[in-house]
Amino acid sequence: MTSRLLAWALTAILVVSLLPSMATPIVSAQDGDHLIYLPLLLKTPFPSITLMNDQAYRDIFGWNVFGEIMNDSYIYIKNPVLELKIIKNNLVIESREVKPLLTNFPPGAEICFGTPISVWAEDMSYEIKLISYELDISTIAQPLVENPRLLVVDDYTPGVDIPAYIIGDATNTSDQIISDVWITGAFFDAYGKVTGCEWDYMISTIDPNSTIPFSIPFYGRLTEDAVNFRLYTDGTVNE
């Protein structure tokens, strides 16, 4: 009996040691060069995110932190909320909550985010972590985006006017009415870093097999800062 109990105990210790840590994952970064404290080789059964393509970027309004997060767990997250901390000399000088524009965050998906910051310098860094989320996915809908393209403005004043847009059409391919449609776009520079995370919110509903055009502005300073883009869609099914 003693040997059997000992075997059970050793098995339990082995199983527990193989489980991923449940500690809140923290992502540290300095102007896009980031360290990721996450189990990257396998998706985890607990909510966790990977920070991607991030940087501090100055647009026509001021300094921001832009980037993408990827859901690298098996959990379908809804309404993720991040915490951003600006750090200088190992001291937190600014802290704020950041909410990505889209509410639904399935496993393996990316969502862009952006938040203004009051100050930025080369000797500063930032830290981002997931602090809250929901798991309700009962009303999700994703309209089909057709003919998306980057429209560059030829005549603009750098740092003042909008130099580019993402334009296209959103089509409801389901048999249900979709409302609260969000078309969100991430703009990327030539280095693959996010230089903007903007949206077009369609208050009106989209009937089945109907199409609505969208336009997403880029508030960066130069057209050279928007050489590529990625789109994300979201909406609510009217049941």
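This short talk walks through two sheets, one buried residue, one disulfide and one aromatic pair in the structure above.

Before I start, please keep in mind that this is a predicted model, in which local features need pLDDT of at least 70 and side-chain atom pairs count only at pLDDT 80 or more, while totals for chains, interfaces and linings use all residues. Residues are numbered from 1 along each chain as its sequence is written, and side-chain values use heavy atoms, with hydrogens and water left out.

Let me begin with the sheets. The strands I name are DSSP runs of E with at least two residues, numbered from the N terminus, and two strands pair if DSSP finds at least two bridges between them. In general, strands of a sheet pair through backbone hydrogen bonds, either parallel or antiparallel.

One open sheet has three strands in the order S3-S4-S8, with antiparallel pairing. Strand S3 (49-58) and strand S8 (110-116) are at its edges, and because each has a single partner strand, one side of each is left without a neighbour in the sheet. From one strand to the next the twist averages 20°, an angle taken between the N-to-C directions of lines fitted to C-alpha atoms, on a scale from 0 to 180 degrees. S3 and strand S4 (residues 63-71) run antiparallel and are joined by eight bridges, and Met52 has Glu68 in S4 as its bridge partner.

Let us stay with Glu68 for a moment: is this residue buried or exposed? Glu68 has 0% relative accessibility and therefore counts as buried, where buried means under 20% relative accessible area, exposed means over 50% and partly exposed lies in between, with a 1.4 Å probe and protein chains only. Its side chain makes polar contacts with the side chain of Asn53 at 2.7 Å and with the side chain of Tyr232 at 2.4 Å; such a contact is a pair of N or O atoms within 3.5 Å, one able to donate a hydrogen and the other to accept it, and residues adjacent in sequence count only if both atoms are side-chain atoms. Leaving aside residues up to four places away in sequence, Glu68 also touches several others, including Phe188, Arg230 and Cys112, where contact means heavy atoms within 4.5 Å.

Cys112 brings me to the disulfide, a term used for a pair of cysteine sulfur atoms within 2.5 Å. The count comes to one disulfide, formed by Cys112 and Cys197 with their sulfur atoms 2.1 Å apart. Cys112 lies in strand S8 and Cys197 in strand S14, so the pair ties together parts that are 85 residues apart in sequence. The torsion about the S-S bond is about 70°, so the disulfide is right-handed, and both Cys112 and Cys197 are buried.

A second open sheet has the order S11-S12-S15, again three strands with antiparallel pairing. Here S11 and strand S12 (residues 164-171) are joined by seven bridges, and Leu150 stands opposite Ile166 in S12.

Finally, the aromatic rings. The structure holds seven aromatic pairs, counted when the ring centres of Phe, Tyr or Trp (its six-membered ring) lie within 6.5 Å, with planes under 30 degrees apart called stacked, over 60 edge-to-face and the rest tilted. The rings of Trp182 and Trp199 have centres 5.1 Å apart and planes at 55°, so this pair is tilted. Trp182 is in strand S13 (residues 178-188) and Trp199 in strand S14 (residues 194-202), 17 residues apart. Trp182 counts as partly exposed at 24% relative accessibility, as does Trp199 at 38%, and together with Tyr201 they form one aromatic cluster.

How values were computed. Helix = DSSP H or I, 4+ residues; strand = E, 2+ residues; numbered from the N terminus.
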